[in-house]
Amino acid sequence: MDKENWSFKPIGDANPKVVLLTFDDAPDKYSLAIAQTLKRLEVPAIFFVNGHFLENDENKAVLKEIHEMGFPIGNHTYSHVNLKELNEKEQEREIVKLNNLVEGIIGVRPKYFRAPFGSNTEHSKKSLRKKKCWS
Ligand SMILES: [Zn+2]
């Protein structure tokens, strides 16, 4: 950091664009404003969405707009559950149900997944690796 003007500079030859922002629990009322600002500043980011935020048309439109601005959409489970508290079938349903919903809105399935509370399970990791949850 340059204390002269408090700006950040890359260390040595480091790529100054290595910062990747991710936003969880989208889309909510701030997501669109965040996306618009990032777009203006040309900052890449992934928006991780939940299904229960996508049950009304207003938020569906927000998701569509964020997607059309070029931001990747990630899966953050349908109802923001702790996967460790669910059985294997329920875990898959949480992921697949949201993938289906997102695909129905923007036409593509999420390529990224982040478990709520960072609470991944062996089963969810295994399923995601095998792409079982994505089809
Ligand atoms: Zn979350």
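A residue counts as buried when its relative accessible area is under 20%, as exposed when that area is over 50%, and as partly exposed in between. This report uses those words for a predicted model in which 39% of the 135 residues of the chain count as buried.

## Layout of the chain

The chain contains four helices and four strands. Along the sequence, these elements follow the pattern β-α-β-α-β-α-β-α.

Two pairs of helices can be described by how their axes cross. Helix 1 (residues 31-41) and helix 2 have axes that come within 10 Å and cross at roughly 15 degrees. Angles under 35 degrees count as roughly parallel, and helix 1 is therefore roughly parallel to helix 2. Their crossing is left-handed.

Helix 3 (residues 88-106) packs with helix 4 (residues 122-129) at an angle of about 50 degrees, and their axes lie 10 Å apart. This angle makes helix 3 oblique to helix 4. Helix 3 passes helix 4 in a right-handed crossing.

## Aromatic rings

Rings pair if their centres lie within 6.5 Å, and by this rule there are two aromatic pairs. The ring centres of Phe23 and Phe47 are 5.2 Å apart and the planes stand at 20 degrees, so this pair is stacked. Phe23 belongs to strand 1 (residues 21-26) and Phe47 to strand 2 (residues 45-49); with these positions 24 residues apart in numbering, the pair links distant parts of the chain.

Are these two rings buried or partly exposed? Phe47 is buried, because its relative accessible area is 1%. Phe23 has a relative accessible area of 24% and is therefore partly exposed.

Phe47 also pairs with Phe71: their ring centres are 5.4 Å apart and their planes are at 70 degrees, so the pair is edge-to-face. This pair too links distant parts of the chain, since Phe47 is in strand 2 while Phe71 is in the loop between helix 2 (57-68) and strand 3 (73-75), 24 residues apart. Both Phe47 and Phe71 are buried. Phe23, Phe47 and Phe71 together form one aromatic cluster.

## Charges over rings

Two further rings have a charged side chain over them, as the table lists.

| Charged residue | Ring | Distance to ring centre |
|---|---|---|
| Lys97 | Tyr78 | 4.0 Å |
| Arg114 | Phe48 | 4.8 Å |

Lys97 lies over the face of Tyr78, and for Arg114 the charged end sits over the ring of Phe48.

## The zinc site

Which residues coordinate the zinc ion? They are Asp25, through OD, and His76 and His80, each through NE2, at 2.1 to 2.2 Å. The spacing of these donor residues in sequence is D-x50-H-x3-H.

The two histidines fall on either side of the 20% cut-off for buried residues. His76 has a relative accessible area of 2% and is therefore buried. His80 is partly exposed, because its relative accessible area is 21%.

Note on methods
Residues numbered from 1 in each chain as written. Predicted model: local features only at pLDDT ≥ 70, side-chain atom pairs only at ≥ 80, totals over all residues. Heavy atoms only, no water. Phe/Tyr/Trp six-rings, centres within 6.5 Å; stacked < 30°, edge-to-face > 60°. Helix = DSSP H or I, 4+ residues; strand = E, 2+ residues; numbered from the N terminus. Buried < 20%, exposed > 50% of the residue type's maximum accessible area, 1.4 Å probe, protein only. Lys NZ or Arg CZ within 6 Å of the ring centre and 35° of its normal. Donors = N, O, S within 2.8 Å, 3.2 Å for Na, K, Ca; no water. Axes fitted to C-alpha atoms, helices over the stretch in contact; angles between N-to-C directions. Parallel < 35°, antiparallel > 145°, perpendicular 65-115°, else oblique. Left-handed = near helix turned anticlockwise from the far one by under 90°.
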